[in-house]
Amino acid sequence: MNELIVLFGTESGNAELVADDISAALQEKGTAVRVADMEDYAVDDLGEADMVVLVVSTYGEGDLPDTAAPFHDALVEAKPDLSGVRFAAFGLGDSTYETYNLGVATLRATFTALGATQIGETGYHDADSGLNPSDVAVAWVSTVLAVATPS
Amino acid sequence: MDARTSAATVPADCPEVTGFLPWTDPRFRIDPYPYYARALAEAPIMRDDADGSFVLTRYEDLMHYGRLPSIRIAPEWKKAGAWRVLLDMALGHDEPGHTRLRRQTSKWFTPKRVREWAETTAGFTDRLLDGLGPDGLVDGSDLAVEVTHRTVCHVLDVPADDHDGVRRLMRQAMPILSARPAPRDFERAEEALDELRRRTAALIELKRANPGEGLLDSLLGAQDRGEMSAAEVLATTLFFYVVGHMDATYLICSGLHLFTREPELLDAFRAHPDRHEAFVAELARFDAPEPVVTRTTTEDLVIHGVHVPAGSSLRLMLGAANHDPAVFDNPDEFDFTRPPEQTRNLTFSFGSHGCQGRLLAEAEIRVVFERISARYSRVELTAEPDMRNTDASRHYYTLPLRLHS
């Protein structure tokens, strides 16, 4: 692979931390990774990476968090052709809410509708589990990448 | 709401709260946990005849009823005397104002930023410990107030020159939040908040004259762009400035006090760096500095068979829920090796109004224990601490310690 982009959308900064930790774990294995906040990322650039890893939480009544909402609006508005894009998706949520991980579901549906191909299963961190989100995410990304790059 | 009306509409299986939680009893204020245990077991919902409010203690009930979209926070702050100043910041607002205001400060308390702030806390702690005499005598409360107040002032980028004055004013302003505030508590809170408002206004004036790169600069930038009003900037600044030291100090004192009673815990803390975060989480669960939050209902509810009319106040007992045996094994024991599913606590509140400074407070507490455990072998209590608690707010006035090298 050339380059992998980890794109995070966050309210409180937890998804940012998880994105950084995913990136650090992959770099240790020799994968070239770039981390970007969805807030600072132009949707037209999505075709540039070999693969996009989306890391996003849920806010309020199942909405996208602060830095993901404008990115999602831009996708819906501009409707870029993502048929060349492969992506993986990881959600941070809390299963004691009925809106558990609706944020990542929204983003995934939009990516798929624009032609992108999802690799592997969607990963989830449940705040109610008491587990460390980065530990869960790093374990998840290695199984996804095993699917993405069959030896 | 009229208390007599509510008493008439609830059936007999909703006991009066003071039979379980005697708000003003000194024994309850020092150690509420045996009282919470009985309420958790026998009275899942109680009514307060004095003001018509309803009281909930169980973890599951707090998480459910406390997060209903129909539950409001603003009406409670309108009733809180001088604390109505919070109606101008995120904690006093329901949606959509809440999110608009909260997003003005959220970037300052992310896990990444908190790593940075924690380094400054470590520096402040070391400087204070360097200044101790050879006898190792120190007041734990003084130490905790100074390092946490300095840290939050660093985040705001304002001078941190009077931590003791801010502490004194907060001690004067907090008793009003009790279920049974005394009439003079209202006056004393007004007096304290007037002074804190004056001090905050002076900080803002100073900041306008000497711009920097702190949280207060960011708020003033938002005001200049028309995203916040001057009143919102004042209330938000005041809030972070005055609460920065308070509950973090209580938890630091609570931990240092615990180290004096169970010295092996200090050794265990030192020996297990990977458990430091779990240790702080357990400390927060074990004894919440502010054990209650209140909300107002806007629809009729039936809770455990009891009709709770729209417009009622709910007192949600965070401190009790943290000791709910349905969630925590041996809830009254301090155990930092609990399994992950038993590490949640409601001390920093929950839902959309969860404490924005939570990560910062947790990091400060951890860092103070790390610096002390690295430099000293033992923490000794040299006199009984002076604790002044209400049912809603717990404070160490003194915690006289000797740190042994």
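These are legends for a set of close-up views of a predicted model.

A quick word on conventions: residues count from 1 along each chain as its sequence is written, while chains are lettered from A and ligands numbered from 1 in the order in which they are written. Local features need pLDDT of at least 70, side-chain atom pairs count only at pLDDT 80 or more, and totals for chains, interfaces and linings use all residues, with side-chain values taken from heavy atoms, leaving out hydrogens and water.

**View 1. Strand S3 of chain A, covered along its run.** S3(A) spans residues 51-57, and seven of its seven residues are buried (buried is under 20% relative accessible area, exposed is over 50% and partly exposed is in between, using a 1.4 Å probe and protein chains only). Helices (H or I, at least four residues) and strands (E, at least two) are DSSP runs, numbered from the N terminus. Look at how the side chains split: A:Met51, A:Val53, A:Val55 and A:Ser57 point one way, and A:Val52, A:Leu54 and A:Val56 point the other way.

**View 2. S3(A) and its parallel partners S1(A) and S4(A).** Strands count as paired if DSSP finds at least two bridges between them. Strand S1 (residues 4-9) of chain A runs parallel to S3(A), joined by six bridges, and strand S4 (residues 86-93) of chain A also pairs with S3(A) in the parallel sense over six bridges. A:Val52 is a handy residue to follow here: A:Ile5 stands opposite A:Val52, and in S4(A) the bridge partner of A:Val52 is A:Phe87. To get from S3(A) to S4(A), the chain goes through helix H2 (residues 69-78) of chain A, making a right-handed β-α-β crossover (with the strands pointing away from the viewer, the path from the first strand over the helix to the second runs clockwise).

**View 3. A:Lys79, a positive phi in a loop of chain A.** A:Lys79 sits in the loop between H2 and S4 of chain A. Its phi is about 45 degrees, although A:Lys79 is not a glycine. A:Lys79 has a relative accessible area of 60%, so it counts as exposed.

**View 4. Two backbone oddities in chain B, at B:Pro96 and B:Ser349.** Most residues other than glycine have a negative phi, and most peptide bonds are trans. The peptide bond from B:Glu95 to B:Pro96 is cis, with omega near 5 degrees. B:Pro96 belongs to the loop between helix H5 (74-78) and helix H6 (97-102) of chain B. B:Ser349, in the loop between H16 and H17 of chain B, has a positive phi near 65 degrees. B:Ser349 is buried, at a relative accessible area of 11%.

**View 5. Helix H3 of chain B, with its buried residues on one face.** Which residues of H3(B) (residues 33-42) are buried? They are B:Tyr33, B:Tyr36, B:Ala39 and B:Leu40. Down the axis of H3(B), the buried residues fall within an arc of 120 degrees, so they line one face of the helix (the arc is that of the directions from the helix axis to the C-beta atoms). On the other side, B:Ala41 and B:Glu42 are exposed. The cover over the buried residues of H3(B) includes helix H2 (26-30), strand S1 (45-48) and helix H15 (276-286) of chain B.

**View 6. B:Trp83 in the largest nonpolar core.** This core has 51 residues, and B:Trp83, B:Leu193 and B:Tyr241 have the most contacts inside it. A nonpolar core is a set of buried Ala, Val, Leu, Ile, Met, Phe, Trp, Tyr and Cys residues joined through side-chain atoms within 4.5 Å. H12(B) gives the largest share of the core, eight residues. Setting aside residues up to four places away in sequence, B:Trp83 touches several residues, among them B:Trp77, B:Met170, B:Leu193 and B:Val242 (contact means heavy atoms within 4.5 Å).

**View 7. B:Arg29 beside a distant stretch of the chain B sequence.** B:Arg29 is in helix H2 of chain B and is buried, with a relative accessible area of 17%. B:Asn389 is 360 residues away along the chain, yet the two C-alpha atoms are separated by 5.6 Å. Beyond neighbours within four places in sequence, the contacts of B:Arg29 include B:Trp23, B:Ser178, B:Asn389, B:Asp391 and B:Arg394.

**View 8. B:Cys153 and B:Cys355, too far for a bond.** The structure has zero disulfides over all chains (a disulfide is a pair of cysteine sulfur atoms within 2.5 Å). Why is B:Cys153 not bonded to B:Cys355? The closest cysteine sulfur to that of B:Cys153 is in B:Cys355, 16 Å away, which is too far for a bond. B:Cys153 is buried at 1% relative accessibility, whereas B:Cys355 is partly exposed at 36%.
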